Amino acid sequence: MNRRFDPVDRLSGEVTPPADKSISHRAALVGAMCDEPLTVRNFLDAADTRSTLDAVLALGAGVDEREGELVIRGVGLHGAFEPTGGTLDVGNAGTLMRVLPGWLAGQPSGRWRLDGDESIRRRPVGRVVEPLRSMGAQVEAEGDRLPPLTVRGRRLEGAGHTLQVASAQVKSCLVFAGMLASGQTRVSEPAPSRDHTERMLARARAPIERDGLTVRVAATDELELDEVVVPGDPSSAAFLVAAACVVPGSRIVVRDVGLNWTRTGFLRIAERMGAVIVGELEAAPSAWDGGPPDAAGGDRGGGAEPSSDVEPAGDLDVRASPLEGTTVAPEEVPLAIDELPLVALLGCFAEGETVVLGAEELRVKESDRIAGVVEGLRGLGADIEATADGFAVRGGEGLRGGSFDARGDHRMAMLGAVAGLASREGVEVRGMNAVEVSYPGFEADLKGLLEG
Ligand code: S3P
């Protein structure tokens, strides 16, 4: 589906972004692991998270959907069923493909095959296969590297993992496996990545704790969680924020956005470039450091309710303003990983050079986002080039416009659309339907801001 996005005068008004995709995936999976029902408020209704609901249904969980609310009736930590058809279809959901095997690998028995669409089949899974095997898991993948992935349930042993690349998907997979493994499991990251799994499990009274860049988890039999409230997705909101930054005269308010520090790297980068964004950004390190329950499953002192799980959320007030180039350092990359294409877009409108370093991971997202951003924006008139580990943009001239290929990637489709609004001649986005993966209401929300 092709869509044209013509230049607009300004964006104004209020918008509420869709629910957070990462937290929705985790809520469905953790709900499936619980013995008692879990109510999830504001679960994301999009293709990726529907894949996760289908998967948990196939694993034996119940899912009751009511307006804006889901009740997941889990099978317990050790009770995943074998699906009748044999294969779990993850669709386009990389998070499901990489995180779910951690839970399945530690089941007392059973066999599961995970497969997905054409893009999933190009996404590396060796990063979970290898460490899971070191815990005794029986996991197979194409050439040990690519989906489909087959997992057989068996007894796991706790292990220490030192990740080469900061990845919340890999960390979450190993933490799930760690809850089913004997002894203790440790996961150390080279830099912080999103911590939604840790927060959710801490609140579910899992024996999980963090020490700097290391997460430790021990075996447990039961999770206790009765409600998750999903905030707005900062990654989806980022496209609206970026649009307001680059369309002159804009001023928008984005309501109820998740502001967990591990997700707001793009907002910090944009502010450094001169963007005017007012909002209560969570300070690092996050409240999760308040301390989860101890490893014996005890309370966290004084009988206080755990607060460490809280996913902070708030409103952002964004105004268009002059921008200047910046350099994004490698340690900032995991905290803005899905929004880095937008840094390139801002770079086109910023004075001077914008450089992103240490972002090789972009090559293995839903599409090769280094190639997509560089070729796509260059086709619209940008002065941009790919580097070994990212890209460099010389900005100031804005964008002429033209045709932009979404490459089947939801975030690239939204990038093309925002580029069109800020361009001189408009942009035709090829493959706009990709937005269904994370933000089905994207075009309607943009339209609302044009009328706002
Ligand atoms: C995600 C983690 C990130 C991110 C992806 C969602 C998650 O991937 O790019 O869109 O929900 O854990 P990596 O963990 O591979 O960096």
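This is a selection-by-selection tour of a predicted model, starting at the ligand and moving out through the strands.

**Stop 1: the ligand and its shell**

Select the ligand, then show the residues around it: Ser22, Arg26, Thr95, Arg98, Ser167, Ala168, Gln169, Arg194, Ile337, Asp338 and Lys365. The space that the ligand takes is the largest pocket. Color helix 1 (21–33), helix 3 (94–105) and helix 5 (168–180); these are the elements that give two or more residues to the shell around the ligand.

Now display the side chains of Ser167, Asp338 and Lys365. In Ser167, an N or O atom of the side chain is 2.8 Å from an oxygen atom of the ligand. For Asp338, the distance from a side-chain N or O atom to an oxygen atom of the ligand is 2.7 Å. Lys365 places a polar side-chain atom 2.7 Å from an oxygen atom of the ligand. How much of the ligand's accessible area does the protein cover? Taken on its own, the ligand has 380 Å² of accessible area, and the protein covers 95% of it.

**Stop 2: strands 3, 5 and 16**

Hide the ligand shell and select residues 38–41, which are strand 3. Add strand 5, residues 69–73; strands 3 and 5 pair in the antiparallel sense over 4 bridges. To find the register, pick Thr39 and look for its bridge partner in strand 5, Val71.

Then add residues 227–229, strand 16. Strand 3 pairs with strand 16 in the parallel sense, over 3 bridges. Arg41 stands opposite Val229 of strand 16. Strand 3 can therefore be used to view both senses of pairing, since strands of a sheet pair through backbone hydrogen bonds, either parallel or antiparallel.

**Stop 3: the hairpin of strands 8 and 9**

Select strand 8, residues 138–142, together with strand 9, residues 146–152. The two pair in the antiparallel sense over 5 bridges. Within this pairing, Glu140 has Thr150 of strand 9 as its bridge partner.

Move to the turn. The hairpin has 3 residues between its strands, and Gly143 takes a positive phi near 60 degrees there. Next pick Asp144, in the loop between strand 8 and strand 9. What is notable about the phi of Asp144? Its value is near 65 degrees, which is positive in a residue other than glycine.

Continue into strand 9 and show the backbone of Pro147 and Pro148. A cis peptide bond joins them, with omega about 0 degrees. Pro148 lies in strand 9.

**Stop 4: the sheet 11-13-15-14**

Select strands 11, 13, 15 and 14. These 4 strands form an open sheet in the order 11-13-15-14, with mixed pairing. Which strands stand at the edges? Strand 11 (160–162) and strand 14 (208–211) do, each with a single partner strand, so one side of each is left without a neighbour in the sheet. From one strand to the next, the twist averages 15 degrees.

Narrow the selection to strand 14 and strand 15, residues 214–218. They pair in the antiparallel sense over 4 bridges. Asp211 has Thr214 in strand 15 as its bridge partner.

**Stop 5: the sheet 2-17-19-18**

Select strands 2, 17, 19 and 18. They make up an open sheet of 4 strands in the order 2-17-19-18, and the pairing is mixed. Strand 2 (12–15) and strand 18 (276–278) are the edge strands, each pairing on one side only. The twist in this sheet averages 20 degrees from one strand to the next.

Keep strand 19, residues 313–319, in view and add its partners in turn. With strand 18, strand 19 runs antiparallel, and 3 bridges join the two. Two pairs show the register: Val276 has Arg319 in strand 19 as its bridge partner, and Ile277 has Val318.

Now add strand 17, residues 251–258. Strand 17 and strand 19 run antiparallel and are joined by 6 bridges. Ile252 stands opposite Val318 in strand 19. Center the view on Val318 to finish: Ile252 stands opposite this residue, and Ile277 has it as bridge partner.

Definitions and conventions: Residues are numbered from 1 along each chain as its sequence is written. This is a predicted model: local features need pLDDT of at least 70, side-chain atom pairs count only at pLDDT 80 or more; totals for chains, interfaces and linings use all residues. Side-chain values use heavy atoms; hydrogens and water are left out. Two strands pair if DSSP finds at least two bridges between them. Axes are lines fitted to C-alpha atoms, for helices over the stretch in contact, and angles run from 0 to 180 degrees between N-to-C directions. A residue is near a molecule or strand if one of its heavy atoms lies within 4 Å of it. A polar contact is a pair of N or O atoms within 3.5 Å; within protein, one must be able to donate a hydrogen and the other to accept it, and residues adjacent in sequence count only if both atoms are side-chain atoms. Accessible areas come from the Shrake-Rupley method with a 1.4 Å probe; for residues, only the protein chains shown count as cover. On a 1 Å grid over the protein atoms alone, a cavity is a set of points where a 1.4 Å probe fits but cannot get out, and a pocket is an open set with protein on both sides within 12 Å along at least five of seven lines; lining residues have an atom within 4 Å of a point. A molecule sits in a cavity or pocket if more than half of its atoms lie within 2 Å of its grid points.
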